[in-house]
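Biologist: Got a minute to go through this model with me? I keep tripping over the labels.

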Amino acid sequence: MIRVLQINVGVCRASQELALATANANEADVLIICEKYRDRGEDNGWFPDANGRAAIAVLSSISVDAIGQPSPGFRWLETKGFRLYSCYISPNVTFLEFEAFLDDLETSISAPVIVAGDLNSKSPEWVSSIEDRRGQALADLLASTGLSVCNQGNQPTFVRGSSESHLDLTLVTQASASNVTSWTVMEEESLSLHRYIRFEVAGGNVHHRNTIKKHWAYRKLDYPGLVGKLRKEAPPPPVDAAAACLDATTWLSETCDPCMPRASGNNKRRPVYWWNSAIAEQRKACIKARRAYQKT
């Protein structure tokens, strides 16, 4: 069992020190920290992202099987059969930069994973009362990769006066959703506008990586087309319950297929024959230059 504490400390030394004390008091094995104040060095188990805004810290003697390279907006490590991500994307970046972050994250994700952090996006998918453009893009990523949201209830993770939001998310692949338990937004003082999130992860198996089933990318639904097909092609009522279930499932599946695309649960991109490491390096340089240009 891995105990995880998740927090955005708001680049505040006091908040970060309190987060560490809270993690120790709760016997946390891993700290997922956003807008960190200062690193403690990889030799001490702190693994920051390329932007220096997010980090994943190992606080106990749990075994770490692999550590990902620093990427803009996220860093990951593998332990107990899971890949744990710490993510942070600023609300001030452009939408193009946000899409580039999601693109890199999608390429990196390999089930079973747990993606946690402050993604500064709003969508009813994670209890937000409104949906912004970034929330739509992130919801599409969830649909295409088979990630589901662990956030439960209406308890906000960000509180500023009378304003409340659900910005800090915990996402998990369907194959490992049952391994994440005791997800809770804590009431303890954090000296930050963000609240602590605590959850536990049971040991997994890295070999069940292709168990995610195909489903629909419902964000791309042709709603008028679906309504029209449902009205025109409804089957006659069957005579028994078993037949009713089978007919309803078949009817709905055949109706949905032409109205929205299928989202493949296999998040590994199919390689093309001309791709090589030199092109990959040029792509990274291009993205880095584009971000620098956009910031100016």
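Modeller: Sure, let's start with strands 5 and 6: strand 5 (residues 66–67) pairs with strand 6 in the antiparallel sense over 2 bridges. This is a predicted model, where local features need pLDDT of at least 70 and side-chain atom pairs count only at pLDDT 80 or more, while totals for chains, interfaces and linings use all residues. Residues are numbered from 1 along each chain as its sequence is written, and side-chain values use heavy atoms, with hydrogens and water left out.

Biologist: What makes strand 5 and strand 6 a pair?

Modeller: Two strands pair if DSSP finds at least two bridges between them, and strands 5 and 6 have 2 bridges. Strands themselves are DSSP runs of E, at least two residues, and helices are runs of H or I, at least four, numbered from the N terminus. Within this pair, Ile67 stands opposite Leu77 in strand 6. The hairpin has 6 residues between the strands, and Gly73 there takes a positive phi near 100°.

Biologist: Which strand 7 residue is the bridge partner of Leu77?

Modeller: That's Leu84. Strand 6 and strand 7 (residues 82–88) are antiparallel as well, over 6 bridges. Their hairpin has 2 residues between the strands, with Lys80 at a positive phi near 55°.

Biologist: Why is strand 6 called largely enclosed?

Modeller: Buried means under 20% relative accessible area (exposed is over 50%, partly exposed in between; 1.4 Å probe, protein chains only). In strand 6 (residues 74–79), 6 of the 6 residues are buried, so the rest of the structure largely encloses it. Both faces are covered: Phe74, Trp76 and Glu78 on one side, Arg75, Leu77 and Thr79 on the other. For the whole protein, 44% of the 296 residues count as buried.

Biologist: And what are helix 4 and helix 5 to each other, oblique or parallel?

Modeller: The axes of helix 4 (residues 223–232) and helix 5 (residues 241–256) come within 10 Å and cross at roughly 140°. That makes helix 4 oblique to helix 5. Axes are lines fitted to C-alpha atoms, for helices over the stretch in contact, with angles from 0 to 180 degrees between N-to-C directions. Under 35 degrees is roughly parallel, over 145 roughly antiparallel, 65 to 115 roughly perpendicular, and the rest oblique.

Biologist: Which residues meet there?

Modeller: Leu226, Lys229 and Leu230 in helix 4 meet Trp251, Leu252, Thr255 and Cys256 in helix 5, contact being heavy atoms within 4.5 Å.
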